[in-house]
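Subject: Structure handover and notes

Dear colleague,

Here is the structure I said I would pass on. Please look it over before reading my notes underneath.

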Amino acid sequence: MNVIAVSNLRNFWENAAYQDSEQPLKAWLAEATKATWTQPADIKAQYGNASIIGNNRVVFNIKGNDYRLIVGVAYKMQWIYIKFVGTHKQYDAIDAETVEQF
């Protein structure tokens with residue numbers, strides 16, 4: 001998969017308050033770029049705790065569920081677009097199907 005807007009992840013982990021997210025986000029990024037997901041079931045097979053939601057979006061739990069990552073997936077194009085990364089409190093304040101954090 002081609003991950004678009006990686007700088008959004010980098011900007012998040014470079015924030016002093018979220019530096020503990022750097023390695024888990026880098027690990028997710030490495031796995032996602034090696035993946036070939038053609039349907040939501042492919043993601044669920046690799047990440048059983050991922051939530052498939054509307055609008056071709058997926059929510060991943062990062063760092064033992066300390067953070068939430070929302071991506072938009074274009075399966076045919078093999079693109080993942082970073083839509084949101086934040087804490088659970090920040091996640092609870094947004095609509096995961098429509099958020100465009102960056």
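The notes below cover one helix pair and three buried residues. Please keep in mind that this is a predicted model.

Helix pair

Two packed helices are described by the angle between their axes and the distance between the axes. For helix α1 (residues 6-14) and helix α2 (residues 22-34), the axes come within 9 Å and cross at roughly 165 degrees. Angles over 145 degrees count as roughly antiparallel, so α1 is roughly antiparallel to α2. The crossing of the two, α1 and α2, is left-handed.

Which residues form the contact between α1 and α2? From α1 come Val 6, Leu 9, Phe 12 and Trp 13, and from α2 come Glu 22, Leu 25, Lys 26, Trp 28 and Leu 29. By class, the residues of this contact are seven nonpolar, no polar and two charged.

Trp 37

Trp 37 sits in the loop between α2 and α3 (40-46). With a relative accessible area of 2%, Trp 37 falls under the 20% limit and is therefore buried. Beyond four places in sequence, the contacts of Trp 37 are Met 1, Ala 32, Asp 42, Ile 43, Gln 46, Tyr 47, Phe 60, Tyr 75, Gln 78 and Ile 80. With one of these, Gln 46, Trp 37 also shares a side-chain to side-chain polar contact of 3.0 Å. Gln 78 is 41 residues from Trp 37 along the chain, and their C-alpha atoms are separated by 7.2 Å.

Arg 57 and Lys 83

Arg 57 belongs to strand β3 (residues 57-62). Is Arg 57 buried or exposed? The relative accessible area of Arg 57 is 3%, so this residue is buried. What does the side chain of Arg 57 have as a polar partner at 2.8 Å? A polar atom of that side chain lies 2.8 Å from the backbone oxygen of Val 99. Leaving out residues up to four places away in sequence, Arg 57 touches Ser 51, Ile 52, Ile 70, Val 71, Gly 72, Lys 83, Ala 96, Glu 97, Thr 98, Val 99 and Glu 100.

Two residues in that list, Lys 83 and Glu 100, are also joined to each other by a side-chain polar contact of 3.0 Å. Lys 83 lies in strand β5 (residues 79-87) and is buried, with a relative accessible area of 14%.

Best regards

Key: Residues numbered from 1 in each chain as written. Predicted model: local features only at pLDDT ≥ 70, side-chain atom pairs only at ≥ 80, totals over all residues. Heavy atoms only, no water. Axes fitted to C-alpha atoms, helices over the stretch in contact; angles between N-to-C directions. Helix = DSSP H or I, 4+ residues; strand = E, 2+ residues; numbered from the N terminus. Parallel < 35°, antiparallel > 145°, perpendicular 65-115°, else oblique. Left-handed = near helix turned anticlockwise from the far one by under 90°. Contact = heavy atoms within 4.5 Å. Nonpolar A, V, L, I, M, F, W, Y, C, P; charged D, E, K, R; others polar. Buried < 20%, exposed > 50% of the residue type's maximum accessible area, 1.4 Å probe, protein only. Polar contact = N/O pair within 3.5 Å; in protein donor to acceptor, adjacent residues only side chain to side chain.
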